[in-house]
Structures are given as structure tokens and as C-alpha cells.
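Morning, everyone. I have one structure to walk you through, so please have the sequence and the picture open.

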Amino acid sequence: MSDAAHDQVEILLVEDNPEDAEMTMRVLRKRSLASQLHWVKDGEEALDYLFCKGRYAGRDPARPPKLVLLDIKMPKVDGIEVLRRVKASELRTVPVVVMTSSNEERDVVESYRLGANSYIVKPVAFEDFVDTVAKIGLYWVLTNRVPQ
């Protein structure tokens with residue numbers, strides 16, 4: 001991958017658990033899968049970021065993230081509502097990977113119904129977590145092609 005293409009990689013991590021967020025960011029950076037990685041801690045902040053509102057009002061709406069890693073169980077606005085709003089908007093083509101500790105069937109069904117591109121239950125074991133995040137990054141950042 002060229003440096004110019006690598007500079008364009010942007011992942012929005014929507015995760016309220018600081019330990020999970022730190023591990024995810026560490027894995028993606030260690031594997032050089034995200035030169036631009038932005039972490040938001042709840043669904044409200046995610047919506048502000050994605051739709052260029054609030055403290056993100058100056059962000060260029062023509063440069064959406066290449067990937068959204070979305071937790072479901074979060075304060076303020078949950079991940080299901082974030083997913084609903086993203087997939088019902090001009091951002092519908094942005095890949096959204098639900099990465100959550102919820103293994104509840106209703107969450108899986110609702111996520112796919114709303115347009116999630118993938119649903120992954122976070123592994124509990126550290127090595128499995130690292131391996132899963134690395135695979136997500138390799139596929140969604142390097143392999144998958146998104147519209148320009």
C-alpha cells in the first residue's frame with residue numbers, strides 16, 4: 001500500500017470501555033492498519049463525529065471514515081441507534097462492523113436488519129481478542145473495497 005493510500009485510512013472506534021478501546025487501538029496501530037484512528041466513548045459523540053456536529057462541526061463531511069467499529073451497549077445513545085441513523089443517511093455505504101460483548105440473538109438480528117456489515121462478539125481471552133481485531137483490520141482496511 002502506498003503512503004498516500006495509507007494516510008487515507010481512517011477508522012472510527014465507538015467504544016465506551018477504555019480497556020477494550022486501548023487494546024483495539026494498540027493492535028490496529030501495531031499492525032499498521034490505521035494511520036488515522038479516532039476513538040469516541042459513546043453513541044452521541046459518534047453521531048456528532050459522523051454527521052459533523054457539535055465539537056466535530058469543522059470536520060469535512062466529504063471524508064467519512066473508511067470503517068466504523070461499533071459497540072452496542074453504550075451510554076447516551078446505544079450502538080443500535082447509531083447504526084440505524086448511519087444506514088438511513090448518506091453514510092449508508094460506510095462499512096459498520098459491530099464489535100460487542102453482546103451475544104444476544106436479538107442484537108445480532110437487529111444489527112443485520114439495520115444494515116451492519118458484520119457482527120463480531122469480542123473474545124474474552126486476550127490473545128483471541130488481539131487475533132480477532134487484527135483480522136478485522138486486515139479485511140476491512142486492506143482487503144475490502146469501498147466506494148470513493
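**A proline and its neighbours**

Let's start at one residue. P65 touches E10, L12, Y49, L50 and V94, leaving out residues up to four places away in sequence. Before I go on: this is a predicted model.

Where is P65 placed? It sits in the loop between α3 and β3. Buried or exposed? P65 has a relative accessible area of 3%. The cut-off for buried is under 20%, so P65 counts as buried.

Now look at I11. Along the chain, I11 and P65 are 54 residues apart. In space, their C-alpha atoms are separated by 5.5 Å.

**The whole chain**

Step back now. How many helices and strands does the chain have? It has six helices and five strands. Follow the sequence and you read α-β-α-β-α-β-α-β-α-β-α.

Next, size. The C-alpha atoms fill a box of roughly 40 × 35 × 25 Å, taken along the principal axes. The radius of gyration is 14 Å. A compact globule of 148 residues would have a value near 15 Å, so the chain agrees with that.

What about burial? Of the 148 residues, 48% count as buried. Then there are the contacts. Take those in the chain with a separation of 6 or more: 66% of them come from residues 24 or more positions apart.

Now the surface. The chain exposes about 7,800 Å². Carbon and sulfur atoms supply 50% of that area.

**Charges and salt bridges**

On to charge. The chain carries 21 positive and 24 negative side chains. The centres of the two sets lie 4 Å apart.

How many salt bridges does a search of the whole structure find? It finds 14. I'll take you through a few.

Begin with K76 and E44. Their side chains meet in a salt bridge, at 3.8 Å from N to O. Why does this pair tie separate parts together? K76 lies in the loop between β3 and α4, while E44 lies in helix α3, so the bridge joins parts that are 32 residues apart in sequence. K76 is exposed, with a relative accessible area of 63%. E44 counts as partly exposed, at 39%.

Next pair: D71 and K122. They form a salt bridge too, and the closest N and O atoms are 3.9 Å apart. D71 is in the loop between β3 and α4. K122 is in the loop between β5 and α6. The two are 51 residues apart, and the pair links distant parts of the chain. Are these two buried or exposed? D71 is buried, and K122 is buried as well.

Now R113 and E110. In this salt bridge, the closest N and O atoms are 2.8 Å apart. Both residues lie in helix α5. They are three residues apart, which is about one turn of the helix. R113 has a relative accessibility of 56%. The cut-off for exposed is over 50%, so R113 counts as exposed.

Which residues join R113 and E110 in a network of salt bridges? The linked set is E81, R84, R85, E110 and R113.

**To take away**

Keep three pictures in mind. First, P65 in its loop, buried, with I11 54 residues away along the chain. Second, the pattern of helices and strands along the sequence. Third, the buried pair D71 and K122, a salt bridge between distant parts of the chain.

Definitions and conventions:
Residues numbered from 1 in each chain as written. Predicted model: local features only at pLDDT ≥ 70, side-chain atom pairs only at ≥ 80, totals over all residues. Heavy atoms only, no water. Salt bridge = Lys/Arg side-chain N within 4 Å of Asp/Glu carboxyl O. Helix = DSSP H or I, 4+ residues; strand = E, 2+ residues; numbered from the N terminus. Buried < 20%, exposed > 50% of the residue type's maximum accessible area, 1.4 Å probe, protein only. Rg over C-alpha atoms; globule rule 2.2 N^0.38 Å. Contact = heavy atoms within 4.5 Å. Areas by Shrake-Rupley, 256 points an atom, 1.4 Å probe, with all protein chains shown as cover. Lys, Arg positive; Asp, Glu negative; His and termini not counted. Charge placed at Lys NZ, Arg CZ, Asp CG, Glu CD.
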